[in-house]
Amino acid sequence: MEKLIVKGGTRLQGTIPVSGCKNAVLPIAVAASILGDGTSVLHNVPNLTDVKTLGAVLEGLSATIKFKNATLYIEPINHLEYEAPYDLVRKMRASIYVLGPLVAKLGKAKVSFPGGCAIGPRPIDLHIRGLEQLGAEVNVEKGYIYAQAERLVGTEMDLIGQHGPSVGATANVMMAATLAQGTTVIRNAAREPHISDLAHFLKAMGADIEGIGTSTLTIHGVKQLRGTEHTVISDDIEAGTYIVAGAITRGDVYVKGITPKQIPAISEKLVEAGVELDWDANGVRVTTPREIQPINVTTAPFPGFPTDMQAQIMGLLCLASGTSVIAENVHTDRFIHAAELNRMGANIMLDDSEATIKGVAKLSGAPVMASDLRAGAVLVAAGMAATGETAVSRVYHIDRGYESIEKKLNDVGANITRVNE
Ligand code: EPZ
């Protein structure tokens, strides 16, 4: 396995380009491969292992996927294969996105039950409930989900879960509803930018969707969807991560290819913590002229503060001039990175879904381990700010969601080398 050796004390200066949004391209590629009756071309696709893993799942379903220069060329499935096998689904939870589209297009699906991961059990009851409300018959046996339906029929439903709206369930049900008979109304739909981008893609394929960007989506079923061309939005979480990297190293960084409306809560919280954000039409300049201020953060579905930025802002607040509290309300077990940051000299106490971070004067480099992609990213950022050297192991987590992370950071003054363990 590989690890990243991060030399500390580097102040980032320069431009960091943001890549396409991982959590948008995954469901969009599924829609293009299963729902469309013609070739689709996706631009601004990030070169990530999650994209490659999904490509393997979709090719297993007989789609043809070609990836070249940040463009995905997709020939849809031949309507025969309907099984997503365990050995691929276990690598990436987003494989569950094929369930709804397969039932809508072929009338049946067999998808391995996705595993949990380091941030909690990751149930899919809302996905199953939504598809059953559309008339699918769903059974789970021997670790597989079997779903079938003559024809899905639109209906009104509320997809709220115990932790609020569900990104995945909204994507799965919305995709299935595009080919259902009649109208589907999804109340408490997720409003993340990647859900809106998926909806725009489906509309470009010929779907009839209203309420995009709101918590009520209305989908009028159509008979057929065609292939189309689409440019994927930029990745809000990658952008937020690099804004934090600029701030934590007290650098002067321009994060290129992001807009304020994609990261409202991230911007608000970072400014409250003393980070200066100067926006222009193409991105944002990040400087941190004063001390990092302690703040309180509560993660929530969009437009709240994203759970996928919780680790990153925790890293920044380790160096604040006081005590901050972070409440993680979306995932049930997403503080594993706190112990790793404490190994670097941070002072973080956990109880249940709350982390209390007492700011310290400095962090010191140490061998640490990434437990998920965002935890890995914050350890790299903390390593750049720390004194001494930090070795971040299990880099495969980071590569799932960050394209060429060490190149992007070394181009603006970081000193990171990738080595084999
Ligand atoms: C998506 O996961 C993202 N992944 C996650 O990003 C992100 O953390 C999450 O949304 C929240 O924004 C992708 O888009 C590929 P959810 P998803 O369904 O769809 C509970 C990253 O860092 N829930 O919105 O799995 C669930 O347990 C990854 O890129 C149910 O109870 O998240 C969680 O507590 C990590 N039943 C909450 O809802 C269900 O059927 C939100 O989950 C589904 C979810």
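## A walk through the model

The structure holds 16 salt bridges. Keep in mind as you look around that this is a predicted model. Let's start with one of those bridges: the side chains of E2 and R418 meet, with 2.8 Å from N to O. Why is this pair worth a look? E2 sits in strand β1 (residues 2-7) and R418 in strand β24 (residues 416-420), so the salt bridge ties together parts that are 416 residues apart in sequence.

Now on to the sheets. As a bit of background, strands of a sheet pair through backbone hydrogen bonds, and they can do so in a parallel or an antiparallel way. Find the open sheet made of four strands in the order β6-β7-β9-β8, where the pairing is mixed. Its edge strands are β6 (83-84) and β8 (137-141), and each of them pairs on one side only. Follow β8 to its partner β9 (residues 144-148): these two run antiparallel and are joined over five bridges. If you want a spot to zoom in on, E137 stands opposite Q148 in β9. A helix joins in here too, since α4 (residues 99-106) packs on the sheet and touches β7 (108-112) and β9. The direction of α4 makes about 160° with that of β7.

There's another open sheet to visit, with four strands in the order β10-β11-β13-β12 and, again, mixed pairing. Here β10 (156-158) and β12 (208-210) stand at the edges; each has a single partner strand, so one side of each is left without a neighbour in the sheet. On average, neighbouring strands of this sheet are turned by 15° against each other, if you ignore direction. Inside it, β11 (residues 183-187) and β13 (residues 216-220) make an antiparallel pair over five bridges. Look for R187, which stands opposite T216 in β13.

Last stop: a pair of helices. Two packed helices are described by the angle between their axes and the distance between those axes. For α8 (residues 236-248) and α12 (residues 373-385), the axes come within 9 Å and cross at roughly 20°. Angles under 35 degrees count as roughly parallel, and therefore α8 and α12 are roughly parallel to each other. Their crossing is right-handed.

Which residues of α8 and α12 meet? On the α8 side they are I237, T241, A245 and I248, and on the α12 side R374, A377, A381, A382, M384 and A385. Sorted by class, this contact has eight nonpolar residues, one polar and one charged.

Technical notes
Residues numbered from 1 in each chain as written. Predicted model: local features only at pLDDT ≥ 70, side-chain atom pairs only at ≥ 80, totals over all residues. Heavy atoms only, no water. Pairing = 2+ DSSP bridges. Contact = heavy atoms within 4.5 Å. Axes fitted to C-alpha atoms, helices over the stretch in contact; angles between N-to-C directions. Parallel < 35°, antiparallel > 145°, perpendicular 65-115°, else oblique. Left-handed = near helix turned anticlockwise from the far one by under 90°. Nonpolar A, V, L, I, M, F, W, Y, C, P; charged D, E, K, R; others polar. Salt bridge = Lys/Arg side-chain N within 4 Å of Asp/Glu carboxyl O.
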